[in-house]
Amino acid sequence: MPNTTNQEVSNVAESNGDKPSSVHYFSYRYNDNGESKTTKASLDKDIYLHFLDVFNGSRTATHAELIRMAKLIRETQDGKYAGFLREAILRKIIKPELIEGYDFNPNYVKVMCAKDSKSNTAVNIPSALYYALSKLLCCDKPDMFINNKYIEIRNNKTGITNFSLELRKNLLNSVLNK
């Protein structure tokens, strides 16, 4: 298992050239068997922005916590680092009553959503978000609610190119604003 050092770097790449990114990138250094290494991590930008709110908009405090969490995950998990980081942050931003009883899971839940009358698409929903929605809606499987939101987003296409990303953003806002 890698040992981390106090040396850390936080680089933010919020865009890719002129094209805005939906991902927040950062990098950090750690010590792996005496060798200093740098690795990159990413987080959905909407999750990052809500996590930033936890620290009253302080990018310094937010990045320090991101780096601390990423290092801890890298030291204690054998893989799925991004999934563990995403779920850990969602647990910090979702209200405790909506996440109580949640069994930590770094995998996405796949929900089939209607693209049109003839085809469906699988949309990946973070497990913690899916669980919080089920508690919010008082149902075991919020799939129908998720599908209806997806249809609503597809029908109001104004400027949206990534419907799955927009759906996850919409669902996260639904959970955080209740």
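Is Cys113 buried or exposed? Cys113 is buried, with a relative accessible area of 0%. Keep in mind that what you're looking at is a predicted model. Here's a quick tour of its pockets, its cysteines, its aromatic rings and a couple of backbone oddities.

**The largest pocket**

- Start with the largest pocket, which holds about 310 Å³ of space.
- Its lining draws two or more residues from each of β4 (35–44), α1 (45–54), α3 (81–93) and α7 (163–176).
- The lining runs to 20 residues, and those nearest the centre of the pocket are Leu43, Asp44, Arg86, Tyr108 and Arg168.
- Sorted by class, that lining splits into 11 nonpolar, five charged and four polar residues.
- Two of the central names also meet each other: Arg86 sits over the face of Tyr108, 4.0 Å from the ring centre.

**The second largest pocket**

- Next comes the second largest pocket, with a volume of about 220 Å³.
- Ten residues line it, and Ser21, Ser22, Asn162, Leu165 and Glu166 are the ones nearest its centre.
- Here the elements giving two or more residues to the lining are α1 and α7.
- Helix α7 supplies the largest share of this lining, with three residues.
- By class, the lining has four charged, four polar and two nonpolar residues.

**Cysteines**

- If you're hunting for disulfides, the count is zero.
- Take Cys138: the closest cysteine sulfur to its own belongs to Cys139, 7.8 Å away, which is too far for a bond. A disulfide would need the two sulfur atoms within 2.5 Å, so Cys138 and Cys139 don't make one.
- Cys138 is exposed, at 71% relative accessible area, whereas Cys113 is buried at 0%.
- You'll find Cys138 in the loop between α5 and α6 (143–155).

**Aromatic rings**

- Searching the whole structure turns up four aromatic pairs.
- One of them joins Tyr102 and Tyr131: the pair is tilted, with 5.5 Å from centre to centre and 50° between the planes.
- Why does this pair tie together parts that are 29 residues apart in sequence? It does so because Tyr102 lies in the loop between α4 (96–99) and β5 (108–114), while Tyr131 belongs to helix α5 (residues 127–136).
- The two partners fall into separate burial classes: Tyr102 is buried, with a relative accessible area of 9%, and Tyr131 is partly exposed, at 22%.

**Backbone oddities**

- Some background first: most residues other than glycine have a negative phi.
- Asn56 goes the other way, since its phi is positive, at about 50°, although it is not a glycine.
- Asn56 belongs to the loop between α1 and α2 (59–76), and it counts as exposed, at 77% relative accessibility.
- Cys138, already met among the cysteines, also has a positive phi, about 55°, and it is not a glycine either.
- Which loop holds Cys138? As noted above, it's the one between α5 and α6, and Cys138 is exposed there, with a relative accessible area of 71%.

Notes:
Residues are numbered from 1 along each chain as its sequence is written. This is a predicted model: local features need pLDDT of at least 70, side-chain atom pairs count only at pLDDT 80 or more; totals for chains, interfaces and linings use all residues. Side-chain values use heavy atoms; hydrogens and water are left out. On a 1 Å grid over the protein atoms alone, a cavity is a set of points where a 1.4 Å probe fits but cannot get out, and a pocket is an open set with protein on both sides within 12 Å along at least five of seven lines; lining residues have an atom within 4 Å of a point. Grid points are joined across faces, edges and corners, and a volume is the space filled by probe spheres set on the points. Helices (H or I, at least four residues) and strands (E, at least two) are DSSP runs, numbered from the N terminus. Ala, Val, Leu, Ile, Met, Phe, Trp, Tyr, Cys and Pro count as nonpolar, Asp, Glu, Lys and Arg as charged, and the others, Gly among them, as polar. Buried means under 20% relative accessible area, exposed over 50%, partly exposed in between (1.4 Å probe, protein chains only). Rings of Phe, Tyr and Trp (its six-membered ring) pair if their centres lie within 6.5 Å; planes under 30 degrees apart count as stacked, over 60 as edge-to-face and the rest as tilted. A charge sits over a ring if NZ of Lys or CZ of Arg is within 6 Å of the ring centre and within 35 degrees of the ring normal.
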